[in-house]
Amino acid sequence: MPVHRPGSPRRLPRARLALTAVAALLAALSSALPARAADTPARGSAYMGMGVLAHDGQAGTPVPGDATQTEGVDVSGHQGNVAWSTLWGSGVKWAYVKATEGTYYTNPYFAQQYNGSYNVGMIRGSYHFATPDTTSGATQANYFVDHGGGWSGDGKTLPGALDIEWNPYGAACYGKTQSGMVTWIRDFLNQYKARTGRDAVIYTATSWWKQCTGNYGGFASYNPLWIARYATDVGELPAGWAYYTMWQYTSSGPTVGDHDKFNGAYDRLQALALG
């Protein structure tokens with residue numbers, strides 16, 4: 001039986017030495033991780049306008065009651081089951097529902113939200129939260145169409161929307177150059193039109209568009225603009241667009257937070273749905 005002699009170093013069992021080394025390695029790796037990693041949301045949790053307040057702030061809301069505009073909402077999985085009858089009763093006439101994100105997420109509440117809005121009488125559509133750092137634009141357009149992003153000429157279905165904005169999971173422009181971002185967006189839009197026959201709506205904020213596309217103006221001839229700005233007016237629009245089609249003006253509205261205005265009376269909204 002080994003005997004420990006006074007003054008001689010005590011030897012630790014090999015297993016204990018190995019565990020000590022592993023613990024030290026894990027501690028070193030943990031301290032090397034970026035501090036913001038713990039604050040990064042889970043993939044799939046993004047929603048339309050997620051970065052607007054943090055990057056552009058809020059400066060009031062538009063004057064209510066403009067008869068030349070039509071009230072709408074946009075929803076995603078984090079709202080769960082939506083009280084559509086309450087929204088309809090408050091004057092909301094149209095809705096967009098998040099269908100997909102990247103090629104890895106589908107909204108688990110999509111059926112209740114997409115069909116529920118339709119069933120109370122709303123004109124509705126679906127949107128895709130883009131992640132240009134994960135797969136190509138065409139690949140994500142196919143995923144969107146295959147999981148709720150299609151279109152039908154029933155007069156109650158709006159063309160799909162591409163939600164392209166700040167990256168909630170990392171660098172604002174998803175690691176792409178301005179020309180690379182334009183190419184990614186073009187690939188998405190071209191594939192969406194090839195699959196559905198409709199030009200997709202582009203949802204974005206002017207400041208992001210300037211930063212990440214270089215204020216590219218080449219999509220304005222075909223793709224309706226859905227502008228994000230939480231203020232009393234829409235402010236400056238991205239290059240190329242002389243007017244907006246939709247405006248997300250707040251994330252703190254009644255019933256559900258994200259409220260929008262269609263830039264026209266109800267009959268023009270119907271015309272957009274019919275194509």
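Contact, in this report, means that heavy atoms lie within 4.5 Å. The structure is a predicted model, in which local features need pLDDT of at least 70 and side-chain atom pairs count only at pLDDT 80 or more, while totals for chains, interfaces and linings use all residues. Residues are numbered from 1 along each chain as its sequence is written, and side-chain values use heavy atoms, with hydrogens and water left out.

**Overall picture**

The protein contains eight helices and 11 strands, where helices (H or I, at least four residues) and strands (E, at least two) are DSSP runs numbered from the N terminus. Of its 275 residues, 45% are buried, a word that stands for under 20% relative accessible area, with exposed meaning over 50% and partly exposed in between (1.4 Å probe, protein chains only). The accessible surface, computed by the Shrake-Rupley method with a 1.4 Å probe, comes to about 12,900 Å², and carbon and sulfur atoms account for 55% of that surface. Among contacts between residues at least 6 apart in sequence, 70% join residues that are at least 24 apart.

**The core and helix α6**

A nonpolar core is a set of buried Ala, Val, Leu, Ile, Met, Phe, Trp, Tyr and Cys residues joined through side-chain atoms within 4.5 Å. The largest such core here has 65 residues, and Tyr96, Ile164, Ile185 and Trp226 have the most contacts inside it. Helix α6 (residues 178-196) gives the most to this core, with seven residues.

Helix α6 also packs against two other helices, and the axes used to describe this are lines fitted to C-alpha atoms over the stretch in contact, with angles running from 0 to 180 degrees between N-to-C directions. Helix α5 (residues 137-146) and α6 pack at an angle of about 40 degrees, with their axes 7 Å apart. That makes α5 oblique to α6, since angles under 35 degrees count as roughly parallel, over 145 as roughly antiparallel, 65 to 115 as roughly perpendicular and the rest as oblique. The residues of α5 that meet α6 include Ala138, Ala141, Phe144 and Val145, and their partners in α6 include Trp184, Phe188 and Tyr192.

The axes of α6 and α7 come within 7 Å and cross at roughly 110 degrees, and these two helices are therefore roughly perpendicular to each other. On the α6 side Gln178, Met181, Val182 and Ile185 take part, and they meet Trp208, Trp209, Lys210, Gln211, Cys212 and Thr213 in α7.

**Helix α4 and a buried glutamine**

In helix α4 (residues 110-119), the buried residues are Phe110, Gln113, Tyr114, Gly116 and Ser117, and they pack against β2 (70-75), α3 (84-89), β3 (94-101) and β5 (123-129). Gln248, which is placed in strand β10 (residues 246-250), counts as buried at 0% relative accessibility. Gln248 and Tyr230 are 18 residues apart in sequence, and their C-alpha atoms are 7.1 Å apart in space.

**Residues with positive phi**

Gly121 follows α4 and has a positive phi, while Asn215 and Thr255 are listed with it below.

| Residue | Phi | Place |
|---|---|---|
| Gly121 | near 115 degrees | after α4 |
| Asn215 | near 60 degrees | loop between α7 (206-213) and β8 (225-228) |
| Thr255 | about 70 degrees | loop between β10 and β11 (259-262) |

Asn215 counts as partly exposed at 23% relative accessibility, and Thr255 is partly exposed too, with a relative accessible area of 47%.
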